[in-house]
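Hi,

Here's the structure I said I'd pass along. Have a look at it first, and my notes follow underneath.

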Amino acid sequence: MTYIISQSKNASMKKILKSAVLLIAVLLGSCASQQSLQEYYVDNKENPNFISLDIPASILKMEETDLTDGQRNALESLRKFNLLAFRKTADNVAEYKLEKTKVKAILKNDEFVELMKINSQYGKGVVKYLGDENAIDEVIIYGDSNEQGFALVRVLGKDMNPAHIVQLMQAIQKSDYNGEGLGEIGKFLKG
């Protein structure tokens, strides 16, 4: 009798173990199926079609600029910028379309909250953020142009909010910053 109960317990344990392993495999598979924006940056950092830069917020050189308290708070909430730009050429049109599709798929994820759309003479884009509206940790600016390619900018900070983004844009417009220190990506963004 003990032997039968023991076999029954072993069979139950095996079923539970199989179910747990299957559940873990499904969860890991679903998590791995969607590439994160950070993984996309890392995966393409060395790709010759991309220009990649990590830039401290201090590059904006806005110490001398006459800023309002709100603009100064916005500036102080910034830590750094990660820039990744795909430079489109006649030789990489197919890869451009593929990479553009990948980025747009990543940005469609529900974790990104849309702040605003951009439609200018240079191309189309979007500004999104991660976090809640009172404590944004990352702002993503994406823009593309069928002539130039596309650019992704991750603005990393601490406790930013949507008003900070507007304040920051106003502060940059007030400053004398002309893209110094951006090297190759500065040339790319100027067209």
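**Strand 4, its partners and a pocket**

Met116 sits across from Val127, a residue of strand 4. Keep in mind that this is a predicted model.

That facing pair belongs to a longer run: strand 3 and strand 4 are antiparallel and share 7 bridges. The link from strand 3 to strand 4 is a hairpin of 2 residues.

On to the next strand. Strand 4 also pairs with strand 5, again in the antiparallel sense, over 9 bridges. One contact to look up there is Tyr129, whose bridge partner in strand 5 is Val139. Here too a hairpin makes the connection, with 2 residues between strand 4 and strand 5.

Is strand 4 mostly covered or mostly open? Mostly covered: of its 10 residues, 7 are buried.

Now the part you may want to load into your own tools. The second largest pocket has a volume of about 160 Å³. Helix 4 (93-107), strand 3 (113-120), strand 4 (123-132) and strand 5 (135-145) each give two or more residues to its lining. Which of them gives the largest share? That would be strand 4, with 4 residues.

For your selection string, the lining consists of Lys104, Leu107, Lys108, Glu114, Lys117, Lys124, Gly125, Val126, Lys128, Tyr142 and Asp144. By class, that lining has 7 charged residues, 3 nonpolar and 1 polar.

Cheers

Methods
Residues are numbered from 1 along each chain as its sequence is written. This is a predicted model: local features need pLDDT of at least 70, side-chain atom pairs count only at pLDDT 80 or more; totals for chains, interfaces and linings use all residues. Side-chain values use heavy atoms; hydrogens and water are left out. On a 1 Å grid over the protein atoms alone, a cavity is a set of points where a 1.4 Å probe fits but cannot get out, and a pocket is an open set with protein on both sides within 12 Å along at least five of seven lines; lining residues have an atom within 4 Å of a point. Grid points are joined across faces, edges and corners, and a volume is the space filled by probe spheres set on the points. Ala, Val, Leu, Ile, Met, Phe, Trp, Tyr, Cys and Pro count as nonpolar, Asp, Glu, Lys and Arg as charged, and the others, Gly among them, as polar. Buried means under 20% relative accessible area, exposed over 50%, partly exposed in between (1.4 Å probe, protein chains only). Two strands pair if DSSP finds at least two bridges between them.
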